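Please examine the model shown here. The explanation below moves through it step by step.

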Amino acid sequence: MSATMPQNWFNYIEHKLFQNNKLGQPNPSMRIKFVVTYTSPMGRNSYSRCLVLSGVDEISQTIVNMNQRIQKKSAEAFQRERERSKMSLDVRHRVLERDGRGCKYCGRGSDVVTLHVDHIRPISKGGRTELNNLQTLCADCNLGKSNKW
Ligand SMILES: [Zn+2]
């Protein structure tokens with residue numbers, strides 16, 4: 001069935017064909033074509049991927065897998081948001097005090113550099129906002145760290 005054919009029109013034709021014995025035993029088959037297209041904001045690049053699924057088993061298994069991936073992504077996004085929200089002024093203060101108000105790498109203090117409270121294991125990689133995963137870094141060392149990774 002073409003995706004552009006209205007459902008009621010398809011049903012009407014199918015009904016007529018059965019009524020007039022033009023179709024024998026129903027021989028249902030399913031085929032789903034997924035097309036995903038991405039176009040960059042300025043429209044310079046465009047990518048397209050196509051996935052064709054046929055048969056009830058393949059279609060249902062693919063939908064189950066997609067649903068699991070979506071739920072997992074959603075749970076991970078919720079977890080990241082929760083960890084970001086835990087970064088309070090109190091937590092920052094405790095980390096700065098623990099680290100002697102200086103950068104853990106170069107030792108400079110807030111009198112000469114801007115100090116950041118950094119996640120050792122980034123939230124994006126599953127890191128938590130807990131004192132043992134936080135460190136004081138100056139802006140320079142924090143930038144250097146992200147360049148190295
Ligand atoms: Zn530093």
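In this predicted model, a convenient place to begin is a pair of bridged residues: His 116 has Leu 137 of strand 4 as its bridge partner. This pairing belongs to a wider arrangement, since strand 3 and strand 4 run antiparallel and are joined by 5 bridges.

Strand 4 itself deserves attention. It is mostly covered, with 5 of its 5 residues buried. The covering applies to both faces of strand 4: Leu 134, Thr 136 and Cys 138 lie on one side, Gln 135 and Leu 137 lie on the other, and all are buried.

The loop between strand 3 (115-119) and strand 4 (134-138) contains Glu 130. The relative accessibility of Glu 130 is 36%, so this residue counts as partly exposed, a class that lies between the limits of 20% and 50%. Glu 130 is also 39 residues from Val 91 in sequence, while their C-alpha atoms are 8.4 Å apart in space.

Cys 138, already met in strand 4, leads to the zinc ion. The protein donors of this ion are the SG atoms of Cys 103, Cys 106, Cys 138 and Cys 141, at 2.3 to 2.4 Å from it. Along the sequence, these donor residues follow the spacing C-x2-C-x31-C-x2-C. Why is the arrangement around the zinc ion tetrahedral? The 4 donor atoms subtend angles of 103 to 117° around the ion, and therefore the arrangement is tetrahedral.

Two of the donor residues may also be described by their accessibility. Cys 103 counts as buried because its relative accessibility is 5%, whereas Cys 106, at 37%, counts as partly exposed.

Key: Residues are numbered from 1 along each chain as its sequence is written. This is a predicted model: local features need pLDDT of at least 70, side-chain atom pairs count only at pLDDT 80 or more; totals for chains, interfaces and linings use all residues. Side-chain values use heavy atoms; hydrogens and water are left out. Donors are N, O and S atoms within 2.8 Å of the metal (3.2 Å for Na, K and Ca); water is not among the atoms, so sites may look incomplete. Four donors count as tetrahedral if all angles lie between 85 and 135 degrees; four count as square planar and six as octahedral if opposite donors are over 155 degrees apart and all others between 65 and 115; anything else is irregular. Buried means under 20% relative accessible area, exposed over 50%, partly exposed in between (1.4 Å probe, protein chains only). Helices (H or I, at least four residues) and strands (E, at least two) are DSSP runs, numbered from the N terminus. Two strands pair if DSSP finds at least two bridges between them.
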